[in-house]
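Let's take a look at one helix and one chain contact. Have the structure open as you read.

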Amino acid sequence: MSADAVHAGAWAGLVWALRRDLRLAARSAAEVLVVLGFFFVAVTLFPLGVGPDPRVLRLIGAGVIWVCAMLACLMSLARLFAADFADGTLEQMLLSEMPFGAIVCGKIGAHWLTTGWPLMLCTPLVGVQFGLDVTEVGVLLLTLALGTPVLSLIGGIMAALTLGLRGTGALLALLLLPLYVPVLIFGVGAVDAYSAGLGIEGQLSILGAELIVALVGAPLAAAAAVRIAID
Amino acid sequence: MAWIYRYASPATFYPVAGVLAPWFMAAAALLAGLGLYIGLIAAPTDFQQGDAYRIIYVHVPAAWMSMLIYIVMAIYAVLYLTFNTRLSAMMMNALAPTGAMFTFLALWTGALWGRPTWGTYWVWDARLTSELILLFLYFGFMALNAAIEDARRADKAAALVAIVGVVNVPIIYFSVQWWNTLHQGASVSMTASPKMASIMLSGMLVMGLAAWMYAIGAALKRVQTIIVEREVGADWLRRHLGDNAQVGRVA
């Protein structure tokens with residue numbers, strides 16, 4: 001195959017997997033909504049736990065929303081490859097002529113569009129719960145836009161590694177959450193810096209850098225992880 | 001180069017590990033004895049921290065080993081995934097519990113030292129926090145390894161986790177450091193402590209060497225167990241352990 005053909009094959013694989021997973025998600029919209037419901041409930045617990053003092057809530061708002069977004073992402077990651085693994089589709093994808101890394105990339109993209117993106121849409125609403133003002137919510141959305149794709153990308157690796165194991169949920173959390181620390185720190189850090197009247201370019205640049213590194217490395221690592229799980 | 005491949009075979013390495021392990025353990029005991037003598041008896045009391053500082057003779061070597069062992073694990077992971085040498089994966093698995101133990105020891109002794117020195121067992125200092133996350137990485141590695149029944153898949157999955165982890169360790173360390181400086185100023189800093197007297201330094205280095213020897217000895221001992229587990233029923237193992245060994249009959 002020529003380089004051009006491989007290139008075309010990669011795009012075809014990515015678009016095919018993306019459209020397929022999005023169509024599947026649309027047909028079982030409840031799964032997407034359940035994750036959003038979890039996000040809302042988890043966020044709502046914090047004011048009940050720490051008390052309704054608006055100053056405290058404003059202080060912890062960005063952190064709480066980020067942590068809950070991570071947990072919601074974690075919840076939905078278990079099903080990223082699971083159904084296709086169980087019925088053998090994943091193995092057929094591995095055998096297909098389309099580059100497997102591209103297919104994995106498409107699946108991860110679909111995962112972000114069905115979790116990270118809806119979470120962002122809900123964020124202004126939960127931002128109000130914590131008394132964040134409009135511009136703070138804007139900064140928070142900017143960090144979520146850069147950070148949540150990283151969650152899906154790194155998550156794809158670990159979701160593939162834990163395929164078909166017992167007690168996947170807790171294991172996935174133990175493997176993933178430590179790796180999410182940098183995204184959390186810079187995501188919340190940008191909002192905190194903005195509230196303190198400081199520049200946020202640094203944090204956003206680092207989040208962007210993390211996104212680029214994850215975009216380059218994670219699909220390949222996830223594809224390798226699926227191969228490990230299948231053979 | 002041929003000798004490398006020869007010792008990459010578990011059957012060849014098993015007796016070698018058996019011979020080497022007690023030597024490393026003996027060296028560890030000897031060095032630890034010497035290091036503790038220097039640290040607890042020969043070295044003077046610190047004029048600022050009193051005798052509480054003496055915990056560094058355990059704490060600093062443990063912290064060194066916690067990071068070093070994770071890197072060595074990642075190197076074995078790369079070797080395993082590149083050359084498909086099973087022994088590399090076994091060594092990687094054998095090192096993990098020792099690494100986690102040293103990480104825990106570093107955190108524990110740090111807390112004990114922090115109480116009299118900083119007035120609290122725990123602060124969200126950059127080093128402490130990244131050490132804690134390192135402990136989580138060890139736990140994740142071992143948990144994944146334990147969750148997968150097929151040994152080959154477990155090795156490969158754990159190797160990938162070790163490599164992903166080692167790429168992330170510097171990122172995590174850097175971000176935690178940045179986070180810490182934002183949230184609180186350098187109210188406590190270990191780097192600000194006065195320059196160390198040479199006898200204290202030498203005590204610490206001897207203890208560091210003892211920790212190396214112990215880690216190597218423990219890993220060799222553990223890799224022997226892993227080899228026995230994996231090679232149950234193999235002819236060479238039955239010959240090696242003698243006919244009355246139960247090993248062959250377990251499978």
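Which residues are buried in α2(A)? They are A:V35, A:F39, A:V43 and A:F46, where buried means that 20 or more other C-beta atoms, placed from the backbone, lie within 10 Å of a residue's own, while exposed means 12 or fewer and partly exposed is in between.

## About the model

This is a predicted model: local features need pLDDT of at least 70, side-chain atom pairs count only at pLDDT 80 or more, and totals for chains, interfaces and linings use all residues. Residues are numbered from 1 along each chain as its sequence is written, with chains lettered from A and ligands numbered from 1 in the order in which they are written.

## The helix and its two sides

Back to α2(A), where A:V35, A:F39, A:V43 and A:F46 are buried. They sit on the same side of α2(A) because they cover an arc of only 65 degrees around the axis, going by the directions from the helix axis to the C-beta atoms. The face turned away from that buried side carries exposed residues, including A:L33, A:V41 and A:L45. Among what covers the buried residues are α3 (54–77) and α7 (116–129) of chain A.

Right after α2(A) comes A:G51, with a positive phi near 100 degrees.

## Where chain B meets chain A

Here, 23 residues of chain B are in contact with 21 residues of chain A, contact meaning C-beta atoms, placed from the backbone, within 7 Å. On chain B's side, the largest share, 14 residues, comes from α6(B). Helices such as these are DSSP runs (H or I, at least four residues), numbered from the N terminus.

Definitions and conventions
Helices (H or I, at least four residues) and strands (E, at least two) are DSSP runs, numbered from the N terminus. Two residues are in contact if their C-beta atoms, placed from the backbone, lie within 7 Å.
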